[in-house]
There are 2 protein chains.
Amino acid sequence: MTPTPDEASASAELLVEEAGRRAKAAAPIIAALPTSVKNDALHDIAEALLDQGDRILIANERDVLNAERARLAEPLIDRLHLTRSRLGAIADGVREVAAQADPVGEVLRGSRRPNGLVIQEIRVPLGVVGLIFESRPNITVDAFSLCLKAGNAAILRGGVDAMESNKAIVEVMRRAVQRRGIPEGALQLIESSHPSATERLMHLREYLDVLIPRGSMEMVRSVCEAATVPTVETGAGNCHTFVERTARFDMAADIAFNAKVQRPGMVNTMETLLVDRPIAAEFLPIIGPRMQAAGVELRGCEATREILRNVKPATEEDWYTEYLALILAVRVVENLDQAIDHISRYGSHNSEAIVTHDYFAARRFCERVDAAAVYVNASTRFTDGFEFGLGAELGISTQKLHRRGPMGLRSLTTWKWIVQGEGQLRD
Amino acid sequence: MTPTPDEASASAELLVEEAGRRAKAAAPIIAALPTSVKNDALHDIAEALLDQGDRILIANERDVLNAERARLAEPLIDRLHLTRSRLGAIADGVREVAAQADPVGEVLRGSRRPNGLVIQEIRVPLGVVGLIFESRPNITVDAFSLCLKAGNAAILRGGVDAMESNKAIVEVMRRAVQRRGIPEGALQLIESSHPSATERLMHLREYLDVLIPRGSMEMVRSVCEAATVPTVETGAGNCHTFVERTARFDMAADIAFNAKVQRPGMVNTMETLLVDRPIAAEFLPIIGPRMQAAGVELRGCEATREILRNVKPATEEDWYTEYLALILAVRVVENLDQAIDHISRYGSHNSEAIVTHDYFAARRFCERVDAAAVYVNASTRFTDGFEFGLGAELGISTQKLHRRGPMGLRSLTTWKWIVQGEGQLRD
């Protein structure tokens with residue numbers, strides 16, 4: 001018998017609760033694992049992903065076929081698709097996590113108080129980390145390796161389009177770590193595609209310590225607004241490059257071009273180019289045609305359109321838009337402060353750049369622009385855990401609490417105060 | 001004409017939005033203030049609180065009279081009541097904030113990447129901090145001094161019972177800092193007592209960077225669950241003391257007594273005493289009568305009631321309860337692990353203590369108990385910013401994200417990555 005809608009919803013919720021219960025029971029065991037055991041387990045995962053690659057690729061083939069039948073957009077299918085060489089890169093990523101320092105147990109500060117209490121702040125795992133993400137099966141591996149290394153249990157809710165791939169990957173990873181004494185509860189995949197599963201996960205306060213949504217801006221926003229579990233907002237990126245009047249034109253053009261064209265689907269791609277009024281007539285004719293030659297559609301303010309041809313008028317809406325495509329909004333601003341104001345008003349606090357020769361302009365831009373990463377004379381495309389020297393990450397946090405910028409191993413930890421006494425009482 | 005309910009609600013919402021707008025406009029100015037200006041302003045505040053103390057005390061008198069007429073409970077009226085000497089202590093607190101190091105601008109880490117990019121992580125203000133609290137006018141002063149020192153604008157929603165006091169205090173503080181060039185927007189008091197004001201504040205994502213509720217467990221929970229603005233959960237404290245079999249009885253009794261009786265209304269007060277089975281018959285007759293003599297009502301498990309007289313039976317409900325009163329639940333546990341299990345199941349992750357002589361018991365307790373502060377051989381009453389050497393705080397965070405334990409100046413900051421290049425492009 002087919003379950004009724006209510007039954008399907010209730011069973012999806014039960015599935016999530018059961019996953020939560022298992023993860024919570026596993027969490028203290030994972031938290032206490034020695035670093036060497038975690039690293040050995042990570043190497044086992046990397047090996048298993050290659051050894052049992054065929055199994056994963058066959059499952060992935062089913063997902064890709066379904067996606068093609070459902071006529072998913074080409075870039076989405078590309079993100080979903082796994083190959084031997086992609087699996088190799090994913091396994092390398094796991095080995096890199098094994099090579100990173102274990103964040104757990106770090107003593108952050110400590111002191112002996114006048115009354116003799118010895119107080120220390122220690123880094124400890126978060127406990128149970130939930131992740132909601134779209135159809136990129138590599139995230140399944142990244143998430144589990146980072147969570148495991150940081151001593152957490154993970155509950156993953158991947159995209160429905162990647163369900164077969166995710167099941168196969170989770171199965172392979174679980175088996176790989178079993179012989180290291182890592183409990184099954186360490187890695188839970190929500191195998192229901194029912195919306196009630198996501199809904200329940202967002203309110204699983206009794207088991208989840210944090211929920212990280214990773215994907216489109218709309219998905220991330222809606223999870224962060226609806227969830228009662230603490231969340232970390234990742235990913236929106238309406239990024240700007242401001243070419244200040246003292247900038248070297250060749251450097252400015254290279255930076256702007258790289259920031260837009262190198263990989264336009266990434267969140268740290270430039271979406272609006274701001275050009276200082278005094279150089280607009282000279283600089284725009286350099287960068288404009290170069291962008292257009294690379295297939296970039298330009299949408300400009302009036303001043304831009306007086307200087308450049310084939311530029312559509314930009315609307316207020318454009319200044320707010322994260323295109324994630326070969327489209328660029330262009331605006332001529334009166335000066336540095338107007339550029340900063342524009343960024344404050346329309347930006348998403350991800351990555352913002354200035355190109356300049358002026359020391360004081362650089363300093364003011366860095367101080368006044370409120371973003372996870374502020375660049376002077378470099379492409380915004382560098383906002384990334386590896387590029388920052390932090391290693392693999394679970395996304396770029398654009399919120400201000402807990403962690404800002406690339407979310408690596410440390411972001412998956414919290415703190416604990418240990419107070420050692422010999423009978424101290426409070427007066 | 002009296003406004004209709006809808007008009008009153010809409011006007012409360014407008015008030016909050018206007019406060020948000022002003023605070024957000026003021027935030028970059030406050031963020032850029034030199035440390036010396038902030039410290040001078042704090043000293044001005046301390047002085048003004050004393051110089052214009054009469055005005056504040058008269059306003060407070062009105063609040064107290066209203067509270068008495070409304071027959072508020074005695075401890076609540078006591079918390080609301082200001083005196084010259086309390087004002088003096090509050091002013092001293094402001095001077096202590098001035099004496100603390102400025103957290104803004106601290107370079108947390110930095111490196112030169114192989115490609116020549118110089119990357120630094122810098123501590124910066126959060127921006128706009130919202131605080132919802134109950135009727136303790138001293139929090140109005142603490143909150144503004146901490147926010148100002150950490151470079152933030154503050155929006156305060158104090159208890160309705162303290163409205164007159166808060167208005168007077170805010171007026172005095174605002175005037176005091178005006179001549180230092182600190183904009184009015186730095187400190188916004190929501191002067192409406194309409195519930196729509198709180199409701200709007202919880203969803204003011206466009207202006208608020210964080211919302212901190214401080215007060216009863218119910219209030220904090222409801223704000224954290226309903227708000228779409230990022231929140232920090234403070235305050236619940238169902239704290240335990242576990243007297244392990246190797247504990248010295250006199251030390252254990254002193255610690256337990258202090259943890260329960262020294263100030264029973266505080267969140268880090270012990271609510272349940274756990275006693276190791278092998279010593280129960282000997283230890284309970286020491287601590288039980290001492291507690292009862294101090295007016296503490298005991299509620300025990302069966303084993304406890306077999307040993308002690310005049311002990312009510314404890315229900316499952318009792319293990320969950322934060323009494324904040326002279327009531328103590330008592331349970332005999334089989335061993336260390338059962339004590340840890342009890343704390344995991346019923347505790348609120350605030351402050352937990354073990355009294356023991358056994359090195360390995362202490363170590364296991366510290367590792368396995370998941371709480372903001374874990375104590376060995378000391379009273380849980382020490383969880384406090386000053387006692388930990390962190391200075392004044394805005395509450396004790398019991399959540400795991402962003403900050404855990406006393407929330408001092410650093411908790412009111414976030415981070416920014418500054419990336420300096422010379423034309424670097426991403427491959």
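# Close-up views of chains A and B

A:Thr272 is buried, with a relative accessible area of 0%. This residue belongs to a predicted model, and the legends below describe views of that model.

**View 1. A:Thr272 sits in strand β8 of chain A.** The strand covers residues 270-276. Because buried means under 20% relative accessible area, the 0% of A:Thr272 places the residue in that class. Neighbours within four places in sequence are left aside in the contact list of A:Thr272. The list then holds A:Asn238, A:Cys239, A:His240 and A:Thr241, together with A:Trp319, A:Leu328, A:Ala329 and A:His342.

**View 2. B:Thr269 lies in a loop of chain B, between α10 and β8.** Helix α10 covers residues 249-261 and strand β8 covers residues 270-276. With a relative accessibility of 0%, B:Thr269 counts as buried. Which residues is B:Thr269 in contact with, leaving aside its neighbours within four places in sequence? They are B:Gly237, B:Cys239, B:Ala259, B:Lys260, B:Arg263, B:Pro264, B:Thr380 and B:Arg381. B:Asn258 is 11 residues from B:Thr269 along the chain, and the two C-alpha atoms are separated by 8.6 Å.

**View 3. A:Asn152 occupies the loop between α6 and β4 of chain A.** Strand β4 covers residues 153-157. A:Asn152 counts as buried, at 0% relative accessibility. A:Gly127 is 25 residues away along the chain, yet its C-alpha atom and that of A:Asn152 are separated by 4.9 Å. A:Gly127 also appears among the contacts of A:Asn152, which leave aside neighbours within four places in sequence. The other residues in that list are A:Ile30, A:Pro125, A:Leu126, A:Val129, A:Cys147 and A:Leu412.

**View 4. A:Ile139 is found in helix α6 of chain A.** The helix covers residues 137-149. A:Ile139 counts as buried, with 2% relative accessibility. Not counting residues up to four places away in sequence, A:Ile139 touches A:Leu131, A:Phe133 and A:Arg214. A:Thr380 is 241 residues from A:Ile139 along the chain, and their C-alpha atoms are 23 Å apart.

**View 5. A:Arg71 is in the loop between α3 and α4 of chain A.** Helix α3 covers residues 53-69 and helix α4 covers residues 74-80. The phi angle of A:Arg71 is near 55°, a positive value in a residue other than glycine. Is this residue, A:Arg71, buried or exposed? A:Arg71 counts as exposed because its relative accessibility is 75%.

**View 6. B:Leu324 lies in the loop between α13 and β11 of chain B.** Helix α13 covers residues 316-320, and strand β11 covers residues 327-333. B:Leu324 has a positive phi, near 55°, in a residue other than glycine. At 36% relative accessibility, B:Leu324 counts as partly exposed.

**View 7. A:Tyr359 lies in helix α15 of chain A.** The helix covers residues 359-368. A:Tyr359 is exposed, with a relative accessible area of 55%. The C-alpha atoms of A:Tyr359 and A:Ile119 are separated by 43 Å, and the two residues are 240 positions apart along the chain.

**View 8. Chain A and chain B meet in a contact that takes 69 residues from each of them.** Interface size is often given as the accessible area lost when the parts come together. Between them, chain B and chain A bury about 6000 Å², with 53% of it on carbon and sulfur atoms. On the chain B side, the residues that lose the most area to chain A are B:Leu401, B:Trp417 and B:Arg426. Together these three residues account for 15% of what that side buries.

**View 9. Chain A as a whole has 15 helices and 16 strands.** Its C-alpha trace spans about 70 × 70 × 40 Å along the principal axes. The radius of gyration of chain A is 24 Å, which agrees with the value near 22 Å for a compact globule with 427 residues. Buried residues make up 59% of the chain. Of the contacts in chain A with a separation of 6 or more, 73% are between residues 24 or more positions apart. The accessible surface of chain A comes to about 16800 Å², and 50% of it belongs to carbon and sulfur atoms. Chain A has 50 positive and 58 negative side chains, and the centres of these two sets lie 3 Å apart.

Note on methods. Residues are numbered from 1 along each chain as its sequence is written. Chains are lettered from A and ligands numbered from 1 in the order in which they are written. This is a predicted model: local features need pLDDT of at least 70, side-chain atom pairs count only at pLDDT 80 or more; totals for chains, interfaces and linings use all residues. Side-chain values use heavy atoms; hydrogens and water are left out. Helices (H or I, at least four residues) and strands (E, at least two) are DSSP runs, numbered from the N terminus. The radius of gyration is taken over C-alpha atoms; the globule rule is 2.2 Å times the number of residues to the power 0.38. Buried means under 20% relative accessible area, exposed over 50%, partly exposed in between (1.4 Å probe, protein chains only). Contact means heavy atoms within 4.5 Å. Accessible areas come from the Shrake-Rupley method with a 1.4 Å probe; for residues, only the protein chains shown count as cover. Lys and Arg count as positive and Asp and Glu as negative; His and the chain ends are not counted. The place of a charge is taken as NZ of Lys, CZ of Arg, CG of Asp or CD of Glu. Buried area is the accessible area (1.4 Å probe) that two parts lose on being put together, summed over both.
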